[in-house]
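Q: I'd like a close look at one part of this model, the spot where the ligand sits. Walk me through it, please.

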Amino acid sequence: MKFRSLKGTRDILPDETERWQQVEQVIHRVLKNFNYNEIRTPVLETTALFSRSIGELTDIVSKEMYTFTDRSGESVTLRPEGTAAALRAYIQNNLGEQGSLAKLYYIGPMFRQERPQAGRLRQFHQFGAEAIGSAAPELDVEMMLIALQIYEDLGISNTRLFINSVGCEQCRPYYKELLTQELLKLKDKLSSDSQSRIQHNPLRVLDSKDENDKALTAGLPLMKDHLCAECSGHFAEVQRFLQSLNVQLSIDGRLVRGLDYYTKTAFEITSSDLGSQDALAGGGRYDLLVKELGGKPTPGTGFAAGIERLMMALGKKGSALIPAVRPRIFLIGLDTASRSWAFVKTCKLRRQGIPAETDYSERSLKAQLREANRQQAQFVVIVGGQELQSGSAKLKNMRSGEEVTVSLDALEQSLK
Ligand code: AMP
């Protein structure tokens with residue numbers, strides 16, 4: 001019997017992990033520049049954490065979660081996103097002590113049982129940040145800037161930023177009612193998905209991908225035009241900061257994210273280099289969520305970004321990435337004694353921090369040279385009985401072809 005990876009999951013193979021690590025380095029660096037600290041939470045959490053925060057009636061919770069009963073009878077779920085767990089950890093570990101602002105980031109796998117397609121997987125990876133403990137519009141802007149900076153540093157240029165405001169508990173109920181009345185007039189003509197959303201989440205009808213729905217709802221009132229004074233002031237501030245930083249933005253009054261917890265700012269970053277799944281990142285403010293999860297009322301804001309999508313947008317680009325580490329030297333032994341010497345020397349060089357490699361399978365000189373070439377080793381040293389005896393050998397620069405005689409004992413120094 002042959003085993004295969006599950007549908008919608010994939011192996012990230014050695015020829016790709018190099019890139020993943022480099023991209024991850026950029027992610028860590030930019031987030032640290034913005035003064036965020038990494039948090040690593042379990043991938044498995046109690047199911048209620050997600051249904052409570054993301055919302056029972058959202059697609060994620062109602063259709064996509066990997067939920068099962070464990071052996072002790074508890075309902076547990078593989079995390080479909082990162083915010084709920086970060087907030088759980090924030091509350092559980094008192095990270096907001098003395099009212100300080102907690103700036104957290106994460107990176108890791110998420111799980112959603114969606115219909116797999118290009119750019120949409122069942123196990124995928126996200127990085128994201130959360131700033132918990134402040135209602136300032138500056139922090140909403142900071143979220144957008146972090147994501148944009150990471151794309152810029154990686155050389156991903158065709159990005160667009162869309163922003164909206166989804167209101168708060170003051171203004172949203174009034175607008176929801178208004179929208180519901182309008183949608184009910186169109187009910188029979190809308191797609192069945194949209195029909196069922198009218199009652200529990202009318203805002204999402206505006207976000208429908210169905211062309212007919214889009215045309216029908218084109219002239220309907222938008223939340224951004226019905227904000228209370230506070231929300232509208234906040235939204236104006238977000239735009240003002242983005243403008244003073246010369247960040248290009250588009251206001252999209254129909255942008256509603258697929259998670260229920262957002263208040264005020266919502267945003268999305270897309271790339272025109274991607275196909276139909278063009279969203280690179282999304283986020284927004286969630287001022288009620290900490291309280292919803294049992295903490296003290298604390299405002300917060302955050303974003304999450306898909307790494308597979310980032311990789312697709314990166315494509316063949318990524319010139320800014322640091323070159324991969326290749327063996328600096330490949331040690332070739334020609335007989336049993338020299339092979340032993342080569343292995344021990346390889347280990348000693350590595351101990352000195354010099355990337356070194358040798359042959360482990362008694363291959364011929366020709367085969368070993370081919371292997372050194374394949375691995376793009378910078379130098380090769382060939383050692384046989386004679387070299388061991390004299391304590392010196394030729395060090396060959398594989399790029400220039402130049403050869404110099406070096407002392408075997410002082411190989412470290414010669415390489416350094
Ligand atoms: P969300 O958590 O739904 O707001 O998604 C944030 C970002 O994660 C999206 O913009 C995508 O880049 C990425 N993402 C979400 N779902 C998937 C998925 N099933 N497969 C790959 N990437 C995803």
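How many residues surround the ligand, and which are the closest?

A: Quick housekeeping before the pocket: the model is predicted, so local features need pLDDT of at least 70 and side-chain atom pairs count only at pLDDT 80 or more, while totals for chains, interfaces and linings use all residues. Residues are numbered from 1 along each chain as its sequence is written, and side-chain values use heavy atoms, with hydrogens and water left out.

Now the ligand. There are 15 residues around it, and Arg112, Glu114, Leu121, Arg257 and Ala279 are the closest (a residue is near if one of its heavy atoms lies within 4 Å). Sorted by class, that shell holds seven nonpolar, three polar and five charged residues; here Ala, Val, Leu, Ile, Met, Phe, Trp, Tyr, Cys and Pro are nonpolar, Asp, Glu, Lys and Arg are charged, and the others, Gly among them, are polar.

For polar contacts, look for N or O pairs within 3.5 Å. The side chain of Arg112 has an N or O atom 2.7 Å from a ligand oxygen. With Glu114, a side-chain N or O atom is 2.6 Å from a nitrogen of the ligand. Leu280 joins in through its backbone, where a polar atom is 3.0 Å from a ligand oxygen. As for cover, the ligand on its own has 490 Å² of accessible area, and the protein covers 92% of that (Shrake-Rupley, 1.4 Å probe; for residues, only the protein chains shown count as cover).

Which elements build the shell? Strand 6, strand 10 and strand 11 each give two or more residues, and strand 10 gives the most, with three. Strands here are DSSP E runs of at least two residues, and helices H or I runs of at least four, numbered from the N terminus.

Two of those strands also meet through rings. The model has four aromatic pairs, counted when ring centres of Phe, Tyr or Trp (its six-membered ring) lie within 6.5 Å, with planes under 30 degrees apart called stacked, over 60 edge-to-face and the rest tilted. One of them is Phe127 with Phe303, edge-to-face at 6.0 Å centre to centre and 80° between the planes. Phe127 belongs to strand 6 (residues 123-132) and Phe303 to strand 11 (residues 300-306), so this pair ties together parts 176 residues apart in sequence. Phe127 is buried at 0% relative accessibility, and Phe303 is buried at 2%; buried means under 20%, exposed over 50%, and partly exposed in between (1.4 Å probe, protein chains only).

Note on methods
Polar contact = N/O pair within 3.5 Å; in protein donor to acceptor, adjacent residues only side chain to side chain.
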